[in-house]
Amino acid sequence: MSEQILMPIGNNSEKALNSLEKAREAHERYLIRQQNSDLQEAIEHYVDAVKLDPTLPESYYRLACLMWEQGQISLSTAIEQCKTACSLAPTNMNAHMYTGFFMKLAEDYQAAEKEFKSAIKMSKLKSARPRLILSQAILQKINAKDGNIGDYANFLYYFLSGSLMLAWDKPSIKMFYKNISDDLSVFKYNTLGKFLEKFKMLPAAENIYKKAVDEIDHGEIFFNRMGDIALKNKEFEIAVDSYKKVLDVNPLNRDVWAKLATVLQTYFPNSQDETIDCYEKLLEFDENKAPIYYELGHLYMSKDDRINSISAFKLATELDPENPFYNNSLAYAYSKAELFEDAINHYQKAIDINPDKEWTSIVCHALGALYAEVNGNIEAAVATYQAGLILDPNNYDLYLALGDIYMADYDLDKAIRSYCDAITLNPNDFRGYSKAGIALWEKDFLEEALVAYHKAVELNPENEYAHNNLGILYLDGLMDAEQALEYFEEAIELNPSYTLAYFNAARASEKMEFTNDAANYYQMAIDLNKITNDLDEADIRDRLHKLFEL
């Protein structure tokens, strides 16, 4: 079919057509002789034609084909040049066919099929080439993804109808059958490999794919399959290496960029920079960018890069302002950056949207903590925690947080009630007993406090704080220094850097008149306190000196 050319206007029109004709001749010589000099000459003449007359569509799509083959432009640039040709000549069959060809290479099969069908509609009886290339694209789609019955039917239809129409396009026969033979070889290896995968014969399938790479290349398809097998076998480094080989062949494979990003983020937490690069690459493909910015925000947060984390979450929220998860993450990023008012606003927005009562109650916990710890607004914190408990009455941590707020306000009755509610909800968590023990001790309910702390120690024998506090009850409540010392020494054994446990062990030893032991414990408390600053050093020294006064 002859090229449809928009007639150029202006003094350079004749020169442009002349350059275009020279480019065609050089291009034909290159196809026959495969000499680089012919290729360079064709490129130069196509470039001259574009400069002399930017309205010639043929210059764009043929130049795109040659420059892409040379590696001078990317697939996305080639697609844009072909789209320019289509906009200049909407009825140019070749412009649509080349556009579809590059979209096929980029694995945008849906868009490619649309372009090929446009070319078929324009060509009518002379549509052998677009039909056959479309059948090839469908076959590649089947090879790259799991095709359905409709895909196989469409392949057969366009392949058979295109073959019948080859009588009107004989120069394409030889080139097409060479390509279709290659695709059938891919189909053979791919089908066999998938069959083996289906029956869980993964090593055999991997060997088939390796053989395919050695014999017919097509690393994009087969390395992708090998990466998927490695992922199933939990061979994550091999999976990453395989996916990278796919991207070496086709940097525009969006699905593989997504796989690589997911594997790196999930199994290689120290590869944040590389994972970030993957997600930034995905931003070039996806129209729905909000989820990608959301993932980037978490990656920057893991690097403690607060500015970029806020920026990423903010972009996600701007694109999808009603997404509660984006608002919650942005609020958290703001709080880490100590931008508390902004954090409160976005936590409130997430709570207002309320996608799930259980999740929203957790956000209430975070917002209540900001009110209490940053703003010192006890009433707002209590109201927020209570709202969270209305949403999810089974939120154990909220009961503890509410109890902590009451303790900070020295409302011991309400604190005890909240801790007891937590214990009722989850009687096997030591934290409720430990916190209740403190409140009961402050309320002078010694026996109840002892019961609570014994239960805390029973549930979590490795908790040094429970041992220390239980020792305090025996020492200061029951005046049983001997029993108290056992608990203090257990706390020290669990945490040799526990300053307060050394101090209390010294007090218990002093009560039992173990002067040397008391002195050693006080000295250890002094030494550790220089690091922890938990206690008043002057008080410890006074106690140490009094041990040896007459």
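Which residues of helix α16 are buried? In this predicted model, they are S309, I310, A312, F313, A316 and T317. These residues cover an arc of only 165 degrees around the axis, so they sit on the same side of α16. The spacing fits a general rule. An α-helix has 3.6 residues a turn, so residues three or four places apart point the same way.

The opposite face of α16 looks outward. Turned away from the buried side are the exposed residues I307, E318 and L319. What lies over the buried residues? The cover includes α15 (290-302), α17 (324-336) and α18 (340-353).

The length of α16 can be checked too. The helix runs over residues 306-319, which makes 14 residues. At 1.5 Å a residue, α16 should span 20 Å. Its end C-alpha atoms are 20 Å apart, which agrees.

Now turn to another part of the chain, helix α9. This helix covers residues 171-198, and F195 lies in it. Is F195 buried or exposed? F195 is partly exposed, because its relative accessible area is 48%, and a residue counts as exposed only over 50%. F195 also belongs to a nonpolar surface patch of about 410 Å². Its partners there are L192, F199 and M201.

Helix α10 spans residues 202-216 and holds P203. With a relative accessible area of 56%, P203 is exposed, since the cut-off is over 50%. Where does P203 stand relative to K145? The two are 58 residues apart in sequence. In space, P203 and K145 are 20 Å apart, C-alpha to C-alpha.

Methods. Residues numbered from 1 in each chain as written. Predicted model: local features only at pLDDT ≥ 70, side-chain atom pairs only at ≥ 80, totals over all residues. Heavy atoms only, no water. Patch = residues over 30% accessible without salt bridge, like charges linked within 9 Å, V, L, I, M, F, W, Y side chains within 5 Å. Areas by Shrake-Rupley, 256 points an atom, 1.4 Å probe, with all protein chains shown as cover. Salt bridge = Lys/Arg side-chain N within 4 Å of Asp/Glu carboxyl O. Helix = DSSP H or I, 4+ residues; strand = E, 2+ residues; numbered from the N terminus. Buried < 20%, exposed > 50% of the residue type's maximum accessible area, 1.4 Å probe, protein only. Expected span 1.5 Å × (residues − 1). Arc of directions from axis to C-beta. Contact = heavy atoms within 4.5 Å.
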